[in-house]
Amino acid sequence: MPRPLTATIDSSALRHNLGVVRRCAPRAAVFAVLKAGAYGHGLARAASALADADGVALVEIDAAVRLREGGERRRLALLEGVFEPAELAVAAAHDLTLTVHHEDQLRMFDEAPEGARFDVMLKINTGMNRLGFAPAAARDAIARVGAHRAVKSLTLMTHFATADEPRGVAWQMQVFEEIAAAHRLPRCLANSAAILRHPGTHGDWVRPGIMLYGCSPFADASATELGLKPVMTLAGALIAVRELKRGERVGYGGTFEAPAAMRIGIVACGYADGYPRHAPTGTPILVGGRRTRTLGRVSMDMLCADLTGIPDAHTGTPVTLWGEGLSADEVATAAGTVSYELLCALAPRVAVVET
């Protein structure tokens, strides 16, 4: 028998969440962000389910090549561009859209294969301070990229640092507009949070990521409130049930002490499966469809659940770690992280089922 732990991927939920993007940004084309194996959901699987998106955005050139060789015909954009000149030949052969975000990448185009021409997205640093040309250098970069023999089209892009926070995006949009106003060029700006709350950023292309997978980019609004459906449900079963006496402890380090006689269940899921090791006692979990809490430290292959108030729980009772009925956002918050990390951390040993 296989180990009782399965990640179920609901393709219809992916399509539903893309529909939410379309309703929020009806005039923009959509890059479905499928980096990190589609946030742990499976690259080819997600690309197929999101066939109605206008393009795909990734950071891994090998993943883009696999998609193209698998028959993908849509626009494929590399959000970090290429890292060395030799990759330009690969990008040209597979018709990849390249992000250019620093001077070295711009100079690489001088080494592009003869006749190669690329769709380019030039990234402007408007305050995120990760990638992008500084505002003082951006105008010159736009002119140079636009005139380069290896460039056939140019789109301007930036990335928002606080679209999910009260500060919003106006401070970055002001920087962007001061540069972009002089150019009638397409724009690619909005991430999930900006798609949902800042319609003035939608431009020509939007880049939804976490919302496609049914999680919220906001601390103050749940995925359900935003009309999103969970795509991944990580579910298992109890593999043992134990009776504890008052004062007995649970797990490594004995960090949980039973305050009274109680029952606990052992779940076949641990940090080697992608569950966060740092999730504390009290992290929500569903046992037999009823909400309870984890107890003690998460182990490599197991964790413990409080069965107080679930008297009929037994070996084999189903458990939901996150997904349908329990948002990954809520589990992530309890563990002091974000749902992105939970989804991306799904381990290869976890069986995946698509519905």
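## Two residues with positive phi

Tyrosine 39 is buried, since its relative accessible area is 6% and a residue counts as buried when that value is under 20%. The model in which this is seen is a predicted one. Tyrosine 39 belongs to helix α2, which is made up of residues 35-39, and its phi is positive, at about 55 degrees, although tyrosine 39 is not a glycine.

Aspartate 95 also has a positive phi, near 55 degrees, and it too is a residue other than glycine. Its surroundings can be described as follows: aspartate 95 sits in the loop that runs between α5 (87-93) and β5 (96-100), and with a relative accessibility of 43% it counts as partly exposed, because that class lies between the limit of under 20% for buried residues and the limit of over 50% for exposed ones.

## Helices α7 and α8

Helix α7 takes in residues 135-147, and its length can be checked by simple reasoning: at 1.5 Å a residue, its 13 residues should span 18 Å, and the end C-alpha atoms are 19 Å apart, which agrees. Within α7, the residues Ala138, Ala141, Ile142 and Val145 are buried. The buried residues of this helix pack against α6 (103-108), β6 (118-123), β7 (151-157) and α8 (170-180).

In α8, the buried residues are Gln172, Met173, Phe176, Ile179 and Ala180. These residues cover an arc of only 125 degrees around the axis, and therefore they lie on the same side of α8. The face turned away from that buried side carries Ala170, Gln174 and Glu178, which are exposed. As for the partners of the buried residues of α8, they pack against α7, β7 and β8 (187-190).

## Threonine 201, a buried loop residue

Is threonine 201, which lies in the loop between α9 (192-197) and β9 (205-206), buried or exposed? At 2% relative accessibility, threonine 201 counts as buried, because this value is under 20%. The side chain of threonine 201 reaches the backbone oxygen of histidine 198 at a distance of 2.7 Å. When neighbours within four places in sequence are left aside, threonine 201 is in contact with Phe160, Val169, Met173, Leu189, Ala190 and Ala194; one of these, Met173, has already appeared among the buried residues of α8.

## Nonpolar cores

In soluble globular proteins, nonpolar side chains tend to be buried together. The largest nonpolar core of this model has 117 residues, and among its members Leu34, Phe118, Leu321 and Trp322 touch the most other members. A second, separate core is made of nine residues, including Val250, Phe256, Ala258 and Cys304.

Phenylalanine 118 can be followed further, with its neighbours within four places in sequence again left aside: its contacts include Leu88, Ala91, Ala92, Leu96, Leu98, Phe109 and Ala112, and also Ala150, Val151, Lys152 and Ser153.

## Threonine 355 and a distant part of the sequence

Threonine 355 is found in the segment after β18 (351-354), and it is exposed, because its relative accessible area is 52% and the limit for this class is over 50%. Which residues does threonine 355 touch, if those up to four places away in sequence are not counted? They are Thr8, Ile9, Asp10, Ser11 and Ser12. Threonine 355 and isoleucine 9 are 346 residues apart in sequence, whereas in space their C-alpha atoms are 6.1 Å apart.

Notes
Residues numbered from 1 in each chain as written. Predicted model: local features only at pLDDT ≥ 70, side-chain atom pairs only at ≥ 80, totals over all residues. Heavy atoms only, no water. Helix = DSSP H or I, 4+ residues; strand = E, 2+ residues; numbered from the N terminus. Buried < 20%, exposed > 50% of the residue type's maximum accessible area, 1.4 Å probe, protein only. Contact = heavy atoms within 4.5 Å. Expected span 1.5 Å × (residues − 1). Arc of directions from axis to C-beta. Polar contact = N/O pair within 3.5 Å; in protein donor to acceptor, adjacent residues only side chain to side chain. Core = buried A, V, L, I, M, F, W, Y, C linked by side-chain atoms within 4.5 Å.
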